[in-house]
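User: I have a model to look through with you. Could you take me through it, one topic at a time?

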Amino acid sequence: MGIDRYHYAVYAKRNLAVDTPVVTAIPKAACLSARTCSVAETLREARLGGGLALNIAIMHERSLGEGSRWAGYFAVLPARGERTLPMFWTSAQLEHLRGTDLLRHVTEDAESMRLDFGENVVDGLCVTHPASFPPGKHTLEAYMEAASLAASRAFFIGEECGEALVPWADMFNHKTDGEHVHVLGADDDDDDDDDDEEEGESEEEES
């Protein structure tokens, strides 16, 4: 899907006190999740959820190009996924992990993704919902790219939506136990009106 792009990030131009609000609200309808994507009903009918459903949602929306509501958002994300993750490392690079548990985890994760894609996309959605998932249109590589974006950027935004890509907010450092922002109001789910659901971000440490 094109060449790699530079990563975008947010930098403070002045010192900010802890808990200074930096984002007032982001509607959950603007977030890309299995609940908000264009094939949400299809995923629901297929009884797919969790990280698997999010990966498929991202993969599908990316395949739509300019036809996706998140086309502008994808334009600032790495064009070929987060290639720094071990899932994309070459055999020579993986040799550096030999003798560690990490190599086993990387190998097992790669096999798990291959099986998930085959069972739930190729032999699943492409068969039961060919209009939305034409056979041959979605590839394992595209699925892995989508999974890498979710793994490196997804926020938990509530029980109903689960994890999602959150435009703009994911430009902040949200490393586990070392994030610069945190989510507020994620559990305030309202099934009747997703457009009114909001996500807040607050600065956790001085910049």
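User: Let's start with α6: which of its residues are buried?
Analyst: This is a predicted model, and in it the buried residues of α6 are Y143, M144, E145, A146, A147, S148, L149, A150 and R153.

User: And what covers the buried residues of α6?
Analyst: The cover over those buried residues includes the helices α2 and α5, together with β2 (155-156) and β3 (163-164).

User: How far does α6 reach from its first C-alpha to its last?
Analyst: With 14 residues, α6 reaches 20 Å between those two C-alpha atoms, which is close to the 20 Å expected at 1.5 Å a residue.

User: You listed Y143 there; which aromatic partner does Y143 have?
Analyst: Y143 forms an aromatic pair with F117, and the pair is tilted, with 5.7 Å centre to centre and 45° between the planes. The pair links distant parts of the chain, since F117 sits in helix α5 and Y143 in helix α6, 26 residues apart. F117 is buried, and Y143 is buried as well. The structure holds two aromatic pairs, including this one.

User: Any charge over a ring, and if so, where does R83 lie?
Analyst: R83 lies over the face of F88, at 4.0 Å from the ring centre.

User: Switching to the core: how many residues has the largest nonpolar one, and which have the most contacts inside it?
Analyst: The largest nonpolar core has 33 residues, and L43, I56, I58 and M59 are those with the most contacts inside it. Two or more residues each come from α1 (40-45), α2 (50-63), α3 (71-74), α5 (101-128) and α6 (140-153). Of these elements, α2 gives the most, with seven residues. There is also a second, separate core of eight residues, which includes I157, C161, A164 and V166.

User: What does I58 touch, leaving out residues up to four places away in sequence?
Analyst: With those left out, I58 touches L32, F74, A146, L149, A150 and L165; among these, A146, L149 and A150 are also buried residues of α6.

User: So how many residues of α2 are buried?
Analyst: Eleven of the 14 residues of α2 are buried, so that the helix is mostly covered. The buried residues are L52, A53, L54, N55, I56, A57, I58, M59, H60, E61 and R62, and what covers them includes α1, α3, α5, α6 and β3. After α2 comes G65, whose phi is positive, near 60°.

User: What about A46, where does it lie?
Analyst: A46 lies in the loop between α1 and α2. At 30% relative accessibility, A46 counts as partly exposed, because that value falls between the 20% and 50% cut-offs. A46 and L125 are 79 residues apart in sequence, but their C-alpha atoms are 7.7 Å apart in space.

User: Last topic, confidence: which elements have the lowest and the highest mean pLDDT?
Analyst: Strand β5 (residues 198-203) has the lowest mean pLDDT among the elements of the chain, at 41, and α2 has the highest, at 96. For the chain, the mean pLDDT is 83, and 79% of its residues reach 70 or more.

User: Where does pLDDT stay under 50?
Analyst: It stays under 50 over residues 191-207, for which the model nevertheless has 74 contacts beyond four places in sequence. Where pLDDT is low, the predicted coordinates should not be read in detail.

Definitions and conventions. Residues numbered from 1 in each chain as written. Predicted model: local features only at pLDDT ≥ 70, side-chain atom pairs only at ≥ 80, totals over all residues. Heavy atoms only, no water. Core = buried A, V, L, I, M, F, W, Y, C linked by side-chain atoms within 4.5 Å. Buried < 20%, exposed > 50% of the residue type's maximum accessible area, 1.4 Å probe, protein only. Helix = DSSP H or I, 4+ residues; strand = E, 2+ residues; numbered from the N terminus. Contact = heavy atoms within 4.5 Å. Expected span 1.5 Å × (residues − 1). pLDDT = per-residue confidence, 0-100. Phe/Tyr/Trp six-rings, centres within 6.5 Å; stacked < 30°, edge-to-face > 60°. Lys NZ or Arg CZ within 6 Å of the ring centre and 35° of its normal.
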